[in-house]
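Colleague: I've got this protein open in front of me and I'd like a close look at one part of it, the main nonpolar core. Could you walk me through that, and then show me how the rest of the chain sits around it?

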Amino acid sequence: MSYEAVIGLEIHVQLNCPTKLFCNCANAATEQANSHICPICIWLPGAVPQLSESALKQAALTCLALNCEIQDESAFDQKVYYYPDLPKGFQLSQHHKPLSRNGWLDITGEDGKSKRLRIHHIHMEEDVAKLVHETEGQARISLVDFNRAGAPLVEVVTEPDMRCPHDAMAFLRAVRTQIRYAGTAECSMESGTMRCDANISLRPVGSEAFFTKVEVKNMNSVKAVGNAIAFEIERQSKLLDDGQPVTMHTRLWDPEKNITTYMRDKFAGPCVPDPSVPSIRLSKIQINALAERLPEMPSQKQARFADQFGLTEEEAAQMSAERDLADYFEVLVNAGITPRPAAQWMAGRFLPALKEQHQEIASTSLTPDRAAELLSMLEKEVINAKQARKILLLMFTSDKSAAAIADEKGFKQLTDPAAMTAILEQVMADQPDAVANLRSGKKQAASFLIGQAMQQSRGKANPKLLADLLENLMGDN
Ligand SMILES: [Zn+2]
């Protein structure tokens, strides 16, 4: 039988806040286990949680960045379960009254068409402690580190609108882009500040109802989410084809073997309203004030880049894809570089080089003001494109300016017309066939002659000037 996948995601995002959700302990990674703890976040009996204003603000901005409607009233519940990473026996989460509902993000589907994926709701919750498994002599032991306990999270729960691994990966990337623009979280799956569980079920193509869903955890990259979903679709298809039932349970992704394995039966404990944290009430005025704090978002930036700088739709989309990249581009433009060449240089030269250097745009050694100097030399034809490419690579590993490197390498572009005419005349004397071809109207012969002259100048000549001089010389004869 041919099946269609029905996929929903639950995405945990750790918010950028100085403190944890209900206490004043630092919300930061640290080597020293159990160093950021207090009676509230190790959940001693009688400790009184106090909701962090900063976490609430960051959570609300995150909801707005994902087009969700903030609710007038939201409240915390006790999600009851018992496990060593949660000694108080419940996690403070929002089940009955989440902070926001009804969001959406648009992605580009596998068919290249825009597709809107809906978000059911976003709720706030506290993170649990971390178990560290070690051996002591012969004995296996588990230790509990509470540094992460009580860290401020939001959980984004989607509608089951995704149909393939591509949709899920595109959605995760879109969530990451929106939240990074809003500046409310780091969203790194690699470092654990964004974690994703996928719910996957199948249904016969054309049917509305679907078979039992399976939850998969433990993917630590966007690509791993795609791989885990692809594996699970295959596994469930085989089971159904063999007439075996799919049972509701949780599986773990094994990135070494590229398979999912059984973890545990799905457990959903009761969620009861928490009496200790007052419910959150936000007025329309407060919600509007928050919305105003949201910076220019990717789609708005893309429209402005096209409008203000004359970029094509594709260039504008590329330059607004990440906030760091857009900021870099705008520094170049504000430094006087012509926008379209700046965008083309970033996409075609700078970003590939950055990747090769294993550097991030936010922390690259080639800061945008240094890049602006390089591009300005190129625009003023002090250096040519080939020299600019060489200087670009050298600038990553040196803190020297573009001008200093050009000087050092003797990269000044040759612009002396007399010297260049002499080179051209020599080339024309050496290549009478090409000259004859050019005279009979074959335009490629000009490119050939300019190429030869470039070689003679050891790449230093200004190719535009060479072309002009060649035209003059041909006119003279
Ligand atoms: Zn604490």
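Modeller: Here's the core, followed by the parts of the chain around it.

Keep in mind that this is a predicted model. The confidence is good to know up front: the mean pLDDT is 93, and 100% of the residues reach 70 or more. Among the elements, strand S10 (residues 152-158) has the highest mean pLDDT, 98, while helix H15 (residues 463-476) has the lowest, 84.

Now, the core you asked about. The largest nonpolar core holds 66 residues, and the members that touch the most others in it are Val-13, Ala-168, Phe-171 and Ala-198. Helix H2 (residues 165-182) gives the largest share of this core, nine residues. As a rule, nonpolar side chains in soluble globular proteins tend to be buried together.

Take Val-13 as your way in. Leaving out residues up to four places away in sequence, Val-13 touches Thr-62, Leu-153, Val-154, Val-156, Ile-179, Ala-185, Cys-187 and Met-194. Two of those contacts, Thr-62 and Cys-187, are worth following up.

Thr-62 takes you to helix H1, where it is one of the buried residues. H1 is mostly covered, with ten of its 13 residues buried. Among them are Ala-55, Leu-56, Gln-58 and Ala-59, along with the run from Ala-60 and Leu-61 through Thr-62, Cys-63 and Leu-64 to Ala-65. The length of H1 (residues 53-65) also checks out: at 1.5 Å a residue it should span 18 Å, and its end C-alpha atoms are 18 Å apart, so the two agree. After H1 comes Asn-67, which has a positive phi, near 60°.

Cys-187, the other contact, sits in the loop between H2 and strand S11 (194-204). Is Cys-187 buried or exposed? It has 21 C-beta neighbours inside 10 Å, and 20 or more is the mark for buried, so Cys-187 counts as buried. Its phi is positive too, near 55°, in a residue other than glycine. For context, most residues other than glycine have a negative phi. Compare Asn-258, which is not a glycine either and has a positive phi of about 60°. Asn-258 lies in the loop between strand S13 (249-254) and strand S14 (259-265), and with 12 C-beta neighbours inside 10 Å it counts as exposed.

Leu-240 is another residue to click on. You'll find it in helix H3 (residues 222-241). Leu-240 has 17 other C-beta atoms within 10 Å, so it is partly exposed. Setting aside neighbours within four places in sequence, Leu-240 is in contact with Tyr-3, Leu-202, Phe-211 and Val-246. Its C-alpha atom is separated by 24 Å from that of Ala-224, 16 residues apart along the chain.

Next, zoom out. The protein is divided into domain 1 (3-284), domain 2 (296-408) and domain 3 (417-476). The C-alpha centres of domain 1 and domain 3 lie 65 Å apart. In secondary structure, the protein comes to 15 helices and 16 strands. Its radius of gyration is 30 Å, well over the 23 Å that the globule rule gives for 477 residues, so the protein is more spread out than a compact globule. Along its principal axes, the C-alpha trace spans about 95 × 60 × 55 Å. Buried residues make up 35% of the 477.

Back to cores for a moment: apart from the largest nonpolar core, which has 66 residues, lies another core of 30 residues, including Ala-326, Phe-350, Ala-371 and Ile-383.

Two loop residues finish the tour. Asn-384 is in the loop between helix H9 (368-379) and helix H10 (385-397), and it is buried, with 22 other C-beta atoms within 10 Å. Beyond residues up to four places away in sequence, Asn-384 touches Gln-413, Asn-462 and Pro-463. The C-alpha atoms of Asn-384 and Pro-463 are separated by 7.7 Å, although these residues are 79 residues apart along the chain.

Ser-365, by contrast, is exposed, with 12 other C-beta atoms within 10 Å. Its place is in the loop between helix H8 (339-356) and H9. Not counting residues up to four places away in sequence, Ser-365 touches Gln-359 and Phe-396.

Technical notes. Residues numbered from 1 in each chain as written. Predicted model: local features only at pLDDT ≥ 70, side-chain atom pairs only at ≥ 80, totals over all residues. Core = buried A, V, L, I, M, F, W, Y, C linked by C-beta atoms within 7 Å. Helix = DSSP H or I, 4+ residues; strand = E, 2+ residues; numbered from the N terminus. Contact = placed C-beta atoms within 7 Å. pLDDT = per-residue confidence, 0-100. Expected span 1.5 Å × (residues − 1). Domains from an automatic or database assignment. Rg over C-alpha atoms; globule rule 2.2 N^0.38 Å.
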